[in-house]
Amino acid sequence: MRITFRLIVSLVVIVTVVVTIFSFVQTRQEKARLSDELERRSAILAESLQETVEPLMGKGSSARLQKIVDKFGNRERLSGLAIYDAQGQPLAITPSLAGRLAHPPDAVAGVFEQARKGGFDVFDDKKVHLYGVPLQQDGQLTGALVIVHDADYIGARLSEMWRHNFLRLLLQASLISIAALLIIRWSIVGPIAKAADWMKKLRMGEASEPFAFLKADLFAPLTREITVMAKNLQMAREAAEEEARLREAAESVWTPERLKEHLRARLDGRPLFVVSNREPYMHVRKGSRIDTIVPASGLVTALEPVLRACDGTWIAHGSGDADMEMTDLQGRLRVPPEDPRYTLRRVWLTKQEENGYYYGFANEGLWPLCHIAHTRPTFRADDWAQYESVNRKFADVVCEELEGTTEPCVLIQDYHFALLPRLIKEKRPDARVAIFWHIPWPNPESFGICPWQRELLQGILGADLIGFHIQFHCNNFLETVDRTLESRVDWERFTVDREGHTSWVKPFPISIGLHEPSASPPDGEASRAALLKDCGVTARFVGVGVDRIDYTKGIIERFLGIERFLEKYPQYQGQFTFFELGSPSRTLIKRYHDLVGEVEAVVDRINWRFKTKDWMPIVFLKKHHSHGEIRSFYKAADVCLVTSLHDGMNLVAKEFVAARTDEQGALILSQFTGASRELRDALLINPYDTEQIADAIRYALEMEPRKQQERMRRLREALKTHNVYRWTANLVRELSQIRLEEEAYAATNRPQ
């Protein structure tokens, strides 16, 4: 209340000062205008009388002069006239002014010097205006004419203006006070009171709706901070409840808090460094503004929570067109933007480097080589040169970031940086380096296609720890090393000893977090109705697929399976619609560019064959979708299809399971994904078998809700147990123990 009173008083004082200054200026201008107008009228009257009076001067015509004076003495605001001879003696005076004009007034004394003169004076407590003109005859001064006007009306006019302005001020102050009270009540006090009540409920665990009370720009920073604080509080409460439940059940599930403590203990307070090609946040220019976007990537989905938990440093290629504008001179910035938890260090690449290293060698060479997805790999010497150059550039940046840190831990991500482990170890032998290969590792015969297989293996073996998703890929890697390089492969310990360095090769199935946001998303039915309405179709059942448009994802095979499903089970025509959320990827590569056209052609053909007026079997949404948009589709779907032809893990399958808090829906999963080893309660299929896909869709749609719930519950339990925090903990634990284990092994196997 005191703040409101002070605010209103301050507003009233400011308005009063402004109105006073305005009124003062206005009255001065009005006074000058009225004075000028009065002098102008006096001058006009004087000129007209001058022609009449001058011929009568000096001829003894006092009676006629008096008659003229009497004639003009009764006009509006004209108090009177006075005519003087050359010596200043009165010849004719208005009777009412005879006492005051017996002698020429000082205000017009200069008129006898043959100059017009005007001024103000006071007669009997009345303000008057005097105006005098010289009277001449044959060029000689014969006297003077003085005109007297009543000037009291000027003061009255100015007083009236002050009075009106005061009343206006009073009205304005009243309206401003009322408006201020209403604005404060509606826009400030009310929302703050609601926010305080919401925070009280949140503190007591009773808040259910998301925070949305302070929408105005005035409260935008406060809203962001309250939202982040509420989210953190909710997460802390959920973590505490989960910890209590696990303690009661004698279980052990990895959480961000547990991972943070684990990393603190294992790293002894040292930061964690992650290297990847793709950055977790991009800055792109849209018109005159710069937007922050999160790239669609399984790698970002998996690693972003890890960096949040340990306040590490993520080193990545700055690929956004506005990235450079948002960093400091060293290419660093803190992320996420709304709640900074770790450092992002961007590495700048030229177009030539990006084309050769990323589009060329990495994605036209290594990607198809490792996936064995019936696309021939292409290897060019120029691409290899750029691949080497970019790996060296990243090595320089990583070593720059490692300065001042003893025995740092570096996690290198994926096939883009096969040479990086050895480059880092050459400069920082004390660094503990791990590389995680997110895509499959092929058999030795397939990998032997690469002209630079020896250089790639030598670079990878610079790491202390080499991780794959599944044991099968570990075995393929060890067999490839055994056939290609002179080294000692220990199949019992899964290590490679080469040139005095030991590299451990182990499986680490990557995953995601299963944390539920405090703001509950809409239920499946509501999401389904909204999505169908937005797309202009009607359907009883909904399927969803989420992919980068990549030939390894089996998108066309999936659509052929849906076509066969509608052929084989025609009762689902008009009832089942499949949404494909396809994110364009690597379109500068011809194979990817052509694939987009192939996918669209298959969609058009199937839709043309089956669609009706208000229904179509496949809705292809070709664009980048936010996590929130994808989550809505997950919640709405009866079935999610993951039909990868070959995949290291495939986190889309796990994202779908994580989104189904209602424990409904079915997952159809390719047997050629790493996720199929963990998600055993999914419906496993061969993506090349369209009959099997069709039967799996029908089985999923007709599965009893109770059975769906049992399967989804087991899937979620598996995901909860094997989450991304456990993945990171295992990686860091193995990396931190490697040297100790090497010393122990060397001691037990030392020749006697």
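Two residues are said to be in contact when heavy atoms of theirs lie within 4.5 Å of each other. With this meaning in hand, the reader may examine how helices H7 and H8 meet in this model, which is predicted. On the H7 side, the residues in contact are Gln352, Glu353, Gly356, Tyr357, Gly360, Phe361 and Leu366. Their partners in H8 are Asp383, Trp384, Gln386, Tyr387, Ser389, Val390 and Lys393. Sorted by class, the contact of H7 with H8 holds six nonpolar, five polar and three charged residues.

Two packed helices are described by the angle between their axes and the distance between the axes. For H7 and H8 (residues 381-402), the axes come within 8 Å and cross at roughly 110°. Angles of 65 to 115 degrees count as roughly perpendicular, and H7 and H8 are therefore roughly perpendicular to each other. The crossing of these two helices is left-handed.

Helix H7 also takes part in a pocket. The second largest pocket has a volume of about 1,100 Å³. It is lined by 40 residues, of which Arg278, Met282, Pro295, Ser319 and His624 are the closest to its centre. Two or more lining residues are given by each of strand S7 (282-286), strand S8 (289-293), helix H7 (351-371) and helix H16 (627-636). H7 provides the largest share of this lining, with five residues. The lining of the second largest pocket comprises 14 nonpolar, 16 polar and 10 charged residues.

A second helix pair is formed by H14 (residues 555-568) and H18 (residues 690-702), whose axes are 8 Å apart and pack at an angle of about 65°. This angle makes H14 roughly perpendicular to H18. The crossing of H14 and H18 is right-handed. From H14, the contact involves Glu557, Leu560, Gly561, Ile562, Arg564, Phe565 and Lys568, while H18 brings Thr690, Glu691, Ile693, Ala694, Asp695, Ile697, Arg698 and Leu701. Among the residues of the contact of H14 with H18, seven are nonpolar, two polar and six charged.

The third pair consists of H17 (residues 651-659) and H19 (residues 705-721), with axes that come within 9 Å and cross at roughly 115°. The angle makes H17 roughly perpendicular to H19. Their crossing is left-handed. In H17, Lys654, Phe656, Val657, Ala658 and Ala659 meet Met712, Leu715, Arg716 and Leu719 of H19. This contact of H17 with H19 has seven nonpolar and two charged residues, but no polar ones.

Helix H19 leads to the topic of enclosed space. Rolling a probe the size of a water molecule over the atoms shows where empty space is left. A search of the whole structure finds two cavities of 30 Å³ or more. The second largest cavity contains about 50 Å³ of space. Its lining is made up of Gly665, Ala666, Leu667, Asp681, Ala682, Leu683, Met703, Gln708, Arg711, Met712 and Leu715. Strand S22 (666-670) and H19 each supply at least two of the lining residues, and the largest share, four residues, comes from H19. By class, the lining of the second largest cavity divides into seven nonpolar, two polar and two charged residues. Met712 and Leu715 thus appear in two places: they belong to the contact of H19 with H17, and they line the second largest cavity.

Definitions and conventions: Residues numbered from 1 in each chain as written. Predicted model: local features only at pLDDT ≥ 70, side-chain atom pairs only at ≥ 80, totals over all residues. Heavy atoms only, no water. Axes fitted to C-alpha atoms, helices over the stretch in contact; angles between N-to-C directions. Parallel < 35°, antiparallel > 145°, perpendicular 65-115°, else oblique. Left-handed = near helix turned anticlockwise from the far one by under 90°. Nonpolar A, V, L, I, M, F, W, Y, C, P; charged D, E, K, R; others polar. 1 Å grid on protein atoms, 1.4 Å probe; cavity = no way out; pocket = protein on both sides within 12 Å on 5 of 7 lines; lining within 4 Å. Points joined across faces, edges and corners; volume = space filled by probe spheres on them.
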